[in-house]
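Reader: Hi! Could you walk me through this structure?

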Number of protein chains: 2
Amino acid sequence: MAGGGGDRRSVARKVFAIADAFTGREELSLSEIAGRANLPLSTAHRLVAEWVEWGGLERGDDGNYRVGVRVWRLGVRQPTAMRLRRVAMPYLEDLLESTHEHVHLAIRDGLGATYLERLSGPAAVPAISDIGSRLPLHATGVGLVLLSYAPPEVFEELLASGPRAYQPGTITDERGLRRRMAEIRSTGIATTVEELTPGAFSIAAPVRDATGEVLAAVSIVAHVERLAEPQISLGVRMAARGISSALGYRAHVD
Amino acid sequence: MAGGGGDRRSVARKVFAIADAFTGREELSLSEIAGRANLPLSTAHRLVAEWVEWGGLERGDDGNYRVGVRVWRLGVRQPTAMRLRRVAMPYLEDLLESTHEHVHLAIRDGLGATYLERLSGPAAVPAISDIGSRLPLHATGVGLVLLSYAPPEVFEELLASGPRAYQPGTITDERGLRRRMAEIRSTGIATTVEELTPGAFSIAAPVRDATGEVLAAVSIVAHVERLAEPQISLGVRMAARGISSALGYRAHVD
DNA sequence: TACCTCCTTCCACTGGGCGGAAGGACTCAG
DNA sequence: CTGAGTCCTTCCGCCCAGTGGAAGGAGGTA
């Protein structure tokens, strides 16, 4: 009976698949984990028990599992995230104060933009990004900025993955995206209008480190009403420049 | 040749051992990882490659490995840490403002106290705790509070693990620790004097949730000179009570 | 009681993981 | 340039750890 054979994934991949099952979910039952990770119940049971023993997952009183403190501890010192957030915070706070809109700081993470920080005023636009969430590169301001300065193979991969059109206005074709990326590289700023959320626009700018590499993006998301206000794009630009400069970037240096 | 046999650990444990190798280190080479995780180089190589593929580890330009953004993303939403920090922050800020000393928020994590938050004024005492760091239960204020309210088996495990004496004043024997824990439970406050760091003392108090369970501790660490000032212990008490009450705890309720 | 869902444990088969060793890549000293 | 040293990467055949279907709980509902 049974035994042997099994699926082709390595054990390590199965272990990670369990972690991935928690994407977008705070709490999962064993069978939900097994389902999301595509594992037989007994295999999931054993591996989840190892996660719990290590402390990477915790079991609540209700028997459900959630991400454990060990993972938080391991990740909270992640060098990129830690350094960027610390350096950027004052600039993001200034930007919030001067615009009273959602302010974001994001880095590229594979084919997504991961939000390192979000500050929000009493804005009218519903926010879909939260710290730690991941949104598509081609349909967000920060995403487009990060995509524009990423190595070319990232763009190839994105095309191969079949970018989704979230709204009628979302650009998903190669030609359109290439044109847009060139424009962003030449102007140093990205504007999206109702491409992910109806009624919202975003303005984003790149953050560079001392070597000149773009390692993050800053954006503001606000109601389309305010699209014409020049101080918003100016503010984003200034914040991105301020952070870059705090990271050691000097414009016009070889 | 070779092959077979090998060490008794499951693959999952080896995967986690690699993560643990990064405790207290930001960056490691492959051979350092192999050494710290007690794995043959070839095994470490394969498993580290799987970590990198998943995104839990990242490889820098220098070839060294560091914790990846994926881990940060997974952990940053850890329910306990996220909720506690958000709720506690204003109280911790008040405490910092009124005392100008190191303010800590910590939870128990196995036999250690993990620091969820630390705010620091221009204090004279060198701080050894940073966010995400883990210090011993029996030699810190927050640790003693967490230990005092933890299930009895935690204390048994601590004794079995052979608690280390960091300073001449550190209490490590069962009798002394039991007496101390009883005192903390009856007064609701813990004081340590030069038990981990010479010249420093700490005052800590428990934070409770709506069910009355102690799930965190707040402390102040300052120079022994200020030991006698009553407003410090009062401030810690008030902060802990404020956070507890924000979490839904109502004192003197059945 | 019968039925359901979800969790936990069991066990015999077998292919994925194992790790020593060989081969590169790179640095440094002479 | 040569040789020694360090560290990383790849190779390959052996064998036991991992596998997963199934059976057995636990708990809830009708």
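Author: Happy to; here is a short chat about a sheet in chain B. This is a predicted model, where local features need pLDDT of at least 70, side-chain atom pairs count only at pLDDT 80 or more, and totals for chains, interfaces and linings use all residues. Residues are numbered from 1 along each chain as its sequence is written, chains are lettered from A and ligands numbered from 1 in the order in which they are written, and side-chain values use heavy atoms, leaving out hydrogens and water.

Reader: Cool! What is the order of the strands in the open sheet of chain B?

Author: The order is β5-β4-β3-β8-β7-β6, with antiparallel pairing. Strands (E, at least two residues) and helices (H or I, at least four) are DSSP runs numbered from the N terminus, and two strands pair if DSSP finds at least two bridges between them.

Reader: Which strands stand at the edges?

Author: β5 (134–136) and β6 (190–193) of chain B; each has a single partner strand, so one side of each lacks a neighbour in the sheet.

Reader: And how many bridges join β7(B) to β8(B)?

Author: There are 9, and these strands run antiparallel. β3(B) also pairs with β8(B), over 5 bridges. B:Ile220 in β8(B) stands opposite B:Val103 and is the bridge partner of B:Ile203 too.

Reader: Is β8(B) mostly covered or uncovered?

Author: Mostly covered: 8 of its 10 residues are buried, meaning under 20% relative accessible area, with exposed over 50% and partly exposed in between (1.4 Å probe, protein chains only).

Reader: What about the hairpin of β7(B) and β8(B)?

Author: It has 5 residues between the strands, and B:Gly212 takes a positive phi near 90°.
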